[in-house]
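The following report describes how the helical elements of one chain are arranged and how its beginning is placed. Please read it alongside the coordinates.

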Amino acid sequence: HERAARLLGAIDTQGKRTGLVRDPADEAFFAPLVERARAALDPATFERVRREGAGLALAGVLAEVRGWLAAPSSHAV
């Protein structure tokens, strides 16, 4: 859940930088996943980790996601 909060921060930052926004279908899919991560963490932890993710450079975020995808056993949500 911390990874989800961290990547949410990174995604939101990249969206602001590029002007891209989630369309309604993506938001409908994405929102429950975010809420599940938010509910699993205490509010302070969720926001702290989300802010940390918001400060990540794009190259670092991409490397983190690629590493996660390369290790299928770590895909538990």
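From the N terminus on, the elements of the chain follow the order α-α-α-α, and the count for this predicted model is four helices and zero strands. The chain has 77 residues and a radius of gyration of 13 Å, which agrees with the value near 11 Å that a compact globule would have. Taken along the principal axes, the box filled by the C-alpha atoms is roughly 35 × 25 × 25 Å. Buried residues account for 23% of the 77 residues. Among contacts between residues at least 6 apart in sequence, 72% join residues at least 24 apart.

Two packings that involve helix α1 are set side by side below.

| Helix pair | Angle | Axis distance | Crossing |
|---|---|---|---|
| α1 (residues 2–18) and α4 (residues 58–70) | about 140° | 11 Å apart | left-handed |
| α1 and α3 (residues 43–54) | roughly 45° | within 6 Å | right-handed |

With an angle of about 140°, α1 and α4 are oblique to each other, because angles count as roughly antiparallel when over 145 degrees. On the side of α1, the residues that make this contact are Arg-3, Arg-6, Leu-7, Ala-10 and Gln-14, and on the side of α4 they are Leu-58, Val-61, Glu-64, Val-65 and Trp-68. Sorted by class, the contact of α1 with α4 has six nonpolar, one polar and three charged residues.

The axes of α1 and α3 cross at roughly 45°, and these two helices are therefore oblique to each other, since roughly parallel would require an angle under 35 degrees. Here α1 contributes Glu-2, Ala-5, Arg-6, Leu-8, Gly-9, Ala-10 and Thr-13, while α3 contributes Thr-45, Phe-46, Val-49, Arg-50, Glu-52, Gly-53 and Ala-54. The contact of α1 with α3 has six nonpolar, four polar and four charged residues. Arg-6 and Ala-10 appear both in the contact of α1 with α4 and in the contact of α1 with α3.

The segment before α1 holds His-1, which is partly exposed because its relative accessible area of 41% lies between the 20% and 50% limits. Leaving aside neighbours within four places in sequence, His-1 is in contact with Arg-36, Ala-37, Ala-40 and Leu-41. The C-alpha atoms of His-1 and Ala-39 are 9.1 Å apart in space, although the two residues are 38 residues apart in sequence.

Note on methods: Residues are numbered from 1 along each chain as its sequence is written. This is a predicted model: local features need pLDDT of at least 70, side-chain atom pairs count only at pLDDT 80 or more; totals for chains, interfaces and linings use all residues. Side-chain values use heavy atoms; hydrogens and water are left out. Axes are lines fitted to C-alpha atoms, for helices over the stretch in contact, and angles run from 0 to 180 degrees between N-to-C directions. Angles under 35 degrees count as roughly parallel, over 145 as roughly antiparallel, 65 to 115 as roughly perpendicular and the rest as oblique. A crossing is left-handed if the near helix is turned anticlockwise from the far one by less than a right angle, and right-handed if clockwise. Contact means heavy atoms within 4.5 Å. Ala, Val, Leu, Ile, Met, Phe, Trp, Tyr, Cys and Pro count as nonpolar, Asp, Glu, Lys and Arg as charged, and the others, Gly among them, as polar. Buried means under 20% relative accessible area, exposed over 50%, partly exposed in between (1.4 Å probe, protein chains only). The radius of gyration is taken over C-alpha atoms; the globule rule is 2.2 Å times the number of residues to the power 0.38.
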